[in-house]
Amino acid sequence: MEKGKFIAIEGVDGAGKGTQIQLLKNYLQDNNLLDNFLFLKEPGGTIQGEDIRKTILKYDLDSITEVLLFYSSRNELIKNKIIPALKEGKNIVCDRYELSTFAYQIYGRQQKQNKKLIEFLQDKISLIPDKYYFFDLDVEISKQRANKRDENNTRFDNEGVTFFNRVREGYKKEIKKYNHKIIDANKSIEDINEIFLADLKPILNIKK
Ligand code: TYD
């Protein structure tokens with residue numbers, strides 16, 4: 001059986017990745033393709049990872065603890081969900097992945113000294129996605145959107161514009177190491193969806 005494809009979706013909080021992931025799900029459902037996909041979200045996505053997620057979002061943590069917990073959650077996800085599903089021929093769409101750690105923990109948090117640790121963990125633990133999509137939006141706009149959502153704000157949502165500008169800059173630098181597409185998320189939801197699907201379909205071998 002052919003291995004599935006692994007797609008990772010990234011963006012600063014409020015950049016619209018959730019909406020685009022939902023539109024992708026709708027498209028797959030409408031075309032009877034959804035069974036061939038597994039949608040995941042980081043941090044979390046496994047029983048173990050959901051507990052780790054709670055700890056990450058609840059407490060102020062030392063920067064090394066924060067990195068190790070994101071990788072603990074990621075390792076459970078990779079071993080228990082991502083690898084088995086890819087082997088079965090399923091495609092994975094993951095809402096956030098390792099690029100978030102580079103962008104938030106190194107650039108957002110200004111902890112360049114932790115880059116070697118992250119690269120070590122990447123080498124030991126990670127699978128590199130077939131493609132990264134980065135939904136890129138002006139930080140002021142994404143912050144307004146993220147603030148409007150009343151769902152439980154995490155301690156990351158409470159960071160200021162300068163933090164998220166560093167995160168955005170980090171994304172743009174680090175994404176260059178991978179197969180990727182940066183999508184301008186200032187466009188309309190429909191236009192973004194069209195650009196996203198047009199790029200994604202050939203990778204997933206979808207002809208419709
Ligand atoms: P979540 O509520 O899942 O945010 P979103 O819906 O925007 O994805 O919260 C996860 C937060 O954790 C989010 O603000 C980004 C942050 N994060 C990191 O700092 N590093 C990481 O490696 C990951 C995966 C997430």
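## A loop with a cis bond

Let's start in the loop between strand 2 and helix 2, where P43 is found. This is a predicted model, and in it a cis peptide bond joins E42 and P43, with omega at about -10°.

A second loop, between strand 3 and helix 4, holds R96. Although R96 is not a glycine, its phi is positive, at about 75°. Both features are worth a look, because most residues other than glycine have a negative phi, and most peptide bonds are trans.

## The sheet

Next comes the sheet. Its five strands form an open sheet in the order 2-3-1-4-5, with parallel pairing. Strand 2 (37-41) and strand 5 (180-184) are the edge strands, each pairing on one side only. From one strand to the next, the twist averages 20°.

How many bridges join strand 1 to strand 3? Four bridges link strand 1 (residues 6-11) with strand 3 (residues 91-95), and the two run parallel. To find one residue pair by eye, look for A8, whose bridge partner in strand 3 is C94.

Helices pack on this sheet too. Helix 4 (residues 98-108) touches strand 1 and strand 4 (131-136), and its direction makes about 25° with that of strand 1. Helix 7 (residues 161-174) also packs on the sheet, touching strand 1 and strand 4; the direction of helix 7 makes about 145° with that of strand 4.

## Aromatic pairs

The structure holds 12 aromatic pairs. One of them is formed by Y104 and F164, which sit edge-to-face, 6.4 Å centre to centre and with 80° between the planes. Y104 lies in helix 4 and F164 in helix 7, so this pair ties together parts that are 60 residues apart in sequence.

## The pockets

Now for the open spaces. The largest pocket holds about 900 Å³ of space. Which of its 39 lining residues are the closest to its centre? They are D13, K17, K41, R53 and R96. R96 is thus the residue with the positive phi, and it is among those closest to the centre of this pocket.

Several elements give two or more residues to the lining of the largest pocket: helix 1 (17-30), strand 2, helix 2 (47-58), helix 3 (63-87), strand 3, helix 4 and helix 6. Helix 1 supplies the largest share, six residues. By type, the lining divides into 14 nonpolar, 10 polar and 15 charged residues.

The second largest pocket has about 220 Å³ of space. It is lined by 15 residues, and the closest to its centre are N36, G89, N91, L204 and N205. This lining divides into five nonpolar, five polar and five charged residues.

## The enclosed cavity

A search of the whole structure finds one cavity of 30 Å³ or more. About 40 Å³ of space lies in this largest cavity. Its lining is made up of V12, D13, S142, K143, A146, N147, D157 and F164. Two of these names have come up before: D13 is among the residues closest to the centre of the largest pocket, and F164 is paired with Y104.

Which helix gives the most to the lining of the largest cavity? Helix 6 (residues 139-148) does, with four residues. Grouped by type, the cavity lining has three nonpolar, two polar and three charged residues.

Methods:
Residues are numbered from 1 along each chain as its sequence is written. This is a predicted model: local features need pLDDT of at least 70, side-chain atom pairs count only at pLDDT 80 or more; totals for chains, interfaces and linings use all residues. Side-chain values use heavy atoms; hydrogens and water are left out. On a 1 Å grid over the protein atoms alone, a cavity is a set of points where a 1.4 Å probe fits but cannot get out, and a pocket is an open set with protein on both sides within 12 Å along at least five of seven lines; lining residues have an atom within 4 Å of a point. Grid points are joined across faces, edges and corners, and a volume is the space filled by probe spheres set on the points. Ala, Val, Leu, Ile, Met, Phe, Trp, Tyr, Cys and Pro count as nonpolar, Asp, Glu, Lys and Arg as charged, and the others, Gly among them, as polar. Two strands pair if DSSP finds at least two bridges between them. Axes are lines fitted to C-alpha atoms, for helices over the stretch in contact, and angles run from 0 to 180 degrees between N-to-C directions. Contact means heavy atoms within 4.5 Å. Rings of Phe, Tyr and Trp (its six-membered ring) pair if their centres lie within 6.5 Å; planes under 30 degrees apart count as stacked, over 60 as edge-to-face and the rest as tilted.
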